[in-house]
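Please read the following notes with the sequence and the model side by side. They go point by point through the chain, a sheet, a helix and a core.

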Amino acid sequence: MTDVIRLADAADAARLVALGLRPKQRPARDLLYADLVRRYQQDPLFEELVEAVAAGMGLAVLAVTAQSGAVLAAMTDSVFEVKIDDYARRTQLRDRQLEKTLHGLIHIAVAALAFPRPDDLASDTYVGRVVVDYVDQVVREACRKLEDRARAAEENHDPLEGAPALERAWRVYARRAEAASTRDGRQAANTTRAMISKALKFLTDQGFLHQMSEDGGGTFRTTSRYQIQVRELAADSAFDELLRLGVISTVSPTGTLRTSDEKKPESARV
Amino acid sequence: MSEIALQTIDQVTVAMDFDRGAGQDVIVSRLVPYIAVQVPGRDGAEYERVARWVIDNLINVGSLDRGFRAIYGVLGSDGGYRRLSFDFKLLIEQVSAEGDVYLRASDEAINVLVGALDTDVESAQIAAEVKLENLIKRGRLSDAQLAAEQARYRTVQYAEVLRRKLDATRRDVRAVDWLHEVPDLIAEALTHIAARYRAENAILENIARARDEADDPDRKRRAAHLVDIVRDCIRRHTQLQARLQMAGEVFRTEQDRQQFSGPPQRATVDLFGQLLVPVLGLPIGEAGDATSAFFRCVAGAGPVIVPRLSNLVDMLLSPARERDPLGEPVPEPELAPLPDPDRFDPALWDLAEQLLDLPAVPRRLSGLLAEARTLDPDLPHLIALAALHAVSPAIGTAIRQSDQYVLLAVDDGQPLSDPQFGGADLLVCSAWLDLAEQSSVPAPRAPMVGSVTV
């Protein structure tokens, strides 16, 4: 491409963005898509053009690779933004805030299980596995540790009766039933397992996960799109929020998802 | 109701083992006898309804969290009075590997049974054992049974704690201290099992002796029940031990896999330690910001649905599709098994009946067969079978059906000469049934041996 941008180039740039909006489209399956990806990688001017087109539509280009295609993220207030209010729409108004938080929490937990160590998130070749059962267990395990810690500190975390918003998140999650059957024998929708299933189905529809089997309530593997999305954007933005609240500590590269620092059974209390 | 509730928790606890708990239906069926004892003489369906009601209330179906909340007040550090809420559950619903929902009793519920809040499992178990042994020695079996049941609750509780640890272990091995901590843990658990196994076997021997020596049937029965309980304890320990051995295997495989992962490549956020745990530690009101931020970015770009005017008009003008809330009626197929094809058609049966109507004089089978052959080629076969059947007629059935007569065949030693059949040339005769005396006349004089070979 020369230094002059022609109409055809603008059309191509917009086409690459449009393909990026179709999460199930892959460069490997589409010659035109693969061509555009190659052009993006080799032609700096085209790259700038694509980014400008995307930015104009309220999208950020996170990465364009032959494996994942164009990975786009919606910027705040973009028309393409998926709002958590829409996602958790069916909940009752009274508990809307609480349910929204739980749904978001589950999405963090899914990402944490898919990429347990910082290494895994960083390595482009890593493929994570997510199982509905395990997500629930990991969060409950974390809740239990926080409970142990609170008990060791002899804090009383029982919430004030009039101020439910001050209750700690781990208590809310731990209290929520893991599973419940409705009258007609289905799973109730407001249990943690049902919410996790919903999250994984949603991510699959968005082209971030790929269902492998029904084992353990549903086993999924991650796609490179998901890894890029989490690594380049989601983790950082949530991290910034926590920094703002001042609750972040630094860690070693091996990660902190571990279970061995618990008490031994003979000293365990019931 | 409260008695049934306690009984429910008891049943769920007993049914709980290492892997799973009890299905609701099983618990209901176990509860029904107890409810029936309380209010005898009611409908079985009503007992079942009561059982389900109690279970539903113990789960607290209908509340969002399926649990209970009690409000209590404390004096805060600043001297002010604060009302706090305490949340607890009694029965918990969980999902098995097969996807069924089953029940487990919570620690709080088990504690209600044991009658001791916040008890150390290990020491409580030792205490229960010592108590049990003493009681058995002194021959007080009813107390011993209570103590043995308590010991079993402890065992279940202990298995529950270990189950959680093992679950956690299987989930993530990466950062576990493989060198000291885990082997220590397993070794301790195994030592514990060995000790328990010895103790329980000794107890078992004692009770078995008590059972065999007891004269009083009631004591014998109770001792036998006690033996069952202790056996159950031993079974649970064996199960626990198998689990412990498997855990080591999982560790080794996982460790091998982990060893070959490469060095860190670039700096990223530790999702678990730096995001999930801090967020869980926040008050629920504040955690919303971080989770929303994460969700917004991880959800990717959603397609925007833009209506096209022509489509929109079509859509608005098309009549609403009527939809039955129940869906299409499912046609009930009428499934009847195909009738076995008759070997002989009804006309043939009629002919045979006419031929075998022999009220006065008995006839030889050979004669009957010859006559039948003139009527129909298939008829001799039916006649031969009927005659064979008549050698030992079902008189009892005939009397029950109020039949007038039965066909009787007697072998008098004459051989049958026939082109199709061989055997004895039976004497065939219709015998009237004298229903008033409940016996058949005439009584057969010849012994009923002989046969027709077809």
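1. A residue is called buried if 20 or more other C-beta atoms lie within 10 Å of its own, exposed if 12 or fewer do, and partly exposed in between, with C-beta atoms placed from the backbone. By that rule, buried residues make up 44% of the 270 residues in chain A.

2. This is a predicted model, in which local features need pLDDT of at least 70 and side-chain atom pairs count only at pLDDT 80 or more, whereas totals for chains, interfaces and linings use all residues. Residues are numbered from 1 along each chain as its sequence is written, while chains are lettered from A and ligands numbered from 1 in the order in which they are written.

3. Chain A holds 10 helices and 5 strands, where helices (H or I, at least four residues) and strands (E, at least two) are DSSP runs numbered from the N terminus. Two residues are in contact if their C-beta atoms, placed from the backbone, lie within 7 Å. Among contacts in chain A between residues at least 6 apart in sequence, 54% join residues at least 24 apart.

4. In chain A, an open sheet of 3 strands follows the order β3-β5-β4 with antiparallel pairing, two strands being paired if DSSP finds at least two bridges between them. Its edge strands, each pairing on one side only, are β3 (129-131) and β4 (209-213) of chain A. From one strand to the next the twist averages 30°; axes here are lines fitted to C-alpha atoms, for helices over the stretch in contact, and angles run from 0 to 180 degrees between N-to-C directions.

5. Strand β5 (residues 219-222) of chain A is joined to β3(A) by 3 bridges in an antiparallel arrangement, and V131(A) stands opposite T219(A) of β5(A). The antiparallel pairing of β4(A) with β5(A) runs over 4 bridges, with Q211(A) opposite F220(A). These two strands, β4(A) and β5(A), form a hairpin with 5 residues between them, and G216(A) in the turn has a positive phi of about 60°.

6. Which strands does α9(A) lie across? The helix lies across β3, β4 and β5 of chain A, running at about 120° to β4(A). Helix α9 (residues 192-205) of chain A has 14 residues and reaches 20 Å from its first C-alpha to its last, close to the 20 Å expected at 1.5 Å a residue, a span taken as 1.5 Å times one less than the number of residues. Its buried residues include M195(A), I196(A), A199(A) and F202(A), and after α9(A) comes G207(A), whose phi is positive, near 80°.

7. A nonpolar core is a set of buried Ala, Val, Leu, Ile, Met, Phe, Trp, Tyr and Cys residues joined through C-beta atoms within 7 Å. Of the 87 residues in the largest such core, I108(A), A109(A), V135(A), L271(B) and L276(B) touch the most other members. Helix α5 (residues 96-114) of chain A gives the most to this core, with 11 residues.

8. V135(A) is found in helix α7 (residues 132-152) of chain A. Why is V135(A) classed as buried? It is buried because 28 other C-beta atoms lie within 10 Å. Leaving aside neighbours within four places in sequence, V135(A) is in contact with I106(A), A109(A), V110(A), L113(A), V130(A) and I196(A).

9. On the chain B side, L271(B), again leaving aside its neighbours within four places in sequence, is in contact with residues including I108(A), A111(A), F115(A) and L276(B).
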